Amino acid sequence: MSAKSHGSTNEHSEAGIRAKSAMPELNVIKHSAATLQRPPVDEADRRLLAAIQHGLPLTPRPYAGIAAGLGISEAEVVARLAYLKEAGVIRRFGVVVRHHELGYSANAMVVWDVPDEQVTGLGHCLAGFDFITLCYRRPRHLPQWRYNLYCMIHGKSREEVLAHLEWMVNHCGLQSLPHEVLFSRRRFKQRGALYAMPAGAGTR
Amino acid sequence: MDTTDRDIINDLQGGFPLSERPYAEAAARLGLTEDELIRRLDDLLEKGALTRFAPMYHAERLGGALTLAAMKIPADEFERVAGIVNGFPEVAHNYAREHEFNMWFVLATETPQRINEVIGEIEKATGYRVYNMPKLEEFFVGLRFEA
């Protein structure tokens with residue numbers, strides 16, 4: 001998204017403005033829809049994200065515990081998290097499940113070779129199914145890799161995944177498009193991304 | 001795992017309250033006491049059904065970058081190469097898949113430039129080409145699982 005949309009997205013600007021008047025210790029920040037696309041994430045936000053990325057304490061006042069560690073107030077922790085959620089920096093805040101342990105052992109990446117002008121329409125069609133967990137357009141690498149539309153289907157068995165796939169093919173009219181199903185054989189590493197490091201802390 | 005555990009997992013994959021007593025608020029929604037919710041979460045973490053209670057970030061909005069990458073590795077080289085790839089801290093997860101392109105991993109980096117650097121480093125360390133498959137368009141991200 002381009003910053004050029006600034007000022008021309010009136011239908012979104014109202015929702016994009018938030019005043020933190022209830023949190024007097026914070027500056028009042030106003031965001032237009034355009035700046036919400038690229039919100040400022042400051043050093044204190046980064047320190048906060050780094051402090052909670054391994055998990056929130058299981059104590060009655062978890063944000064107070066985090067705040068104490070950072071030397072800021074509990075209210076500021078809550079306000080900053082609310083802001084980061086609203087700005088879309090935090091996509092989702094909740095429990096992170098291990099899907100294998102919940103019985104989702106069949107994990108298929110389905111890749112399609114779709115004419116470029118049809119990718120967006122078909123992508124939205126696939127994304128409408130509740131058993132689809134991710135759906136993206138990605139580049140081809142011809143001649144080795146022809147596929148440009150990807151979706152993930154997580155199921156409890158291969159049969160279930162393949163039945164979902166067949167239903168999807170029929171519903172979205174994908175019968176004539178080449179595709180492949182890449183089931184996972186082994187999960188080597190699954191720890192989620194850790195990138196909320198304070199500046200200078202490096203990676204781990 | 002009983003019905004209550006399943007309810008907790010289904011309810012708390014998103015929308016965790018931002019308030020002074022978030023567990024109490026979430027517990028009320030589930031018809032539990034704060035103590036019981038905390039105890040059960042602790043237990044689910046202990047058992048490995050949950051990995052953590054934390055935010056999922058939008059890498060790009062944090063100034064970082066994410067990409068999916070794939071490699072074609074001969075069967076007799078697979079273990080060695082997987083060991084090298086998994087040793088990179090930028091590799092968030094890695095799956096073996098049934099295909100000629102048999103290794104698929106996600107790179108998460110603090111800056112967009114770092115993606116290409118890491119890809120170059122992996123190619124150099126393994127001797128195999130890395131195919132970068134960044135997202136060009138996102139139709140859906142809703143990695144939620146019904147327990």
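**Chains A and B: interface and local features**

Q: In strand 1 of chain B, which residue is the bridge partner of Gly94(A)?
A: Ala54(B) is the bridge partner of Gly94(A). This is a predicted model, in which local features need pLDDT of at least 70, side-chain atom pairs count only at pLDDT 80 or more, and totals for chains, interfaces and linings use all residues. Residues are numbered from 1 along each chain as its sequence is written, chains are lettered from A and ligands numbered from 1 in the order written, and side-chain values use heavy atoms, leaving out hydrogens and water.

Q: In what sense do strand 1 of chain A and strand 1 of chain B pair?
A: Antiparallel, over seven bridges, with residues 90-97 forming the chain A strand. Two strands pair if DSSP finds at least two bridges between them. Strands (E, at least two residues) and helices (H or I, at least four) are DSSP runs numbered from the N terminus.

Q: How many residues of each chain are in contact?
A: 75 of chain B and 83 of chain A, where contact means heavy atoms within 4.5 Å.

Q: And what area do the two chains bury?
A: About 7800 Å², 59% of it on carbon and sulfur atoms. That is the accessible area (1.4 Å probe) lost by two parts on being put together, summed over both.

Q: How many salt bridges are there between chain B and chain A?
A: Four. The criterion is a side-chain nitrogen of Lys or Arg within 4 Å of a carboxyl oxygen of Asp or Glu. One salt bridge joins the side chains of Arg91(A) and Glu138(B), at 3.2 Å from N to O.

Q: Which element gives the largest share of the side of chain B that touches chain A?
A: Strand 1 of chain B, residues 50-57, with eight residues. That side of chain B as a whole has 43 nonpolar, 14 polar and 18 charged residues. Ala, Val, Leu, Ile, Met, Phe, Trp, Tyr, Cys and Pro count as nonpolar, Asp, Glu, Lys and Arg as charged, and the others, Gly among them, as polar.

Q: Salt bridges again: how many over all chains?
A: The whole structure has 26. Among them is Arg80(A) with Glu76(A), at 2.7 Å from N to O. Both residues lie in helix 5 (residues 74-86) of chain A, four residues apart, about one turn of the helix.

Q: Different topic: which residues does a cis peptide bond join?
A: Leu142(A) and Pro143(A), with omega about 0°. Most peptide bonds are trans. Pro143(A) is in the loop between strand 3 (132-137) and strand 4 (149-155) of chain A.
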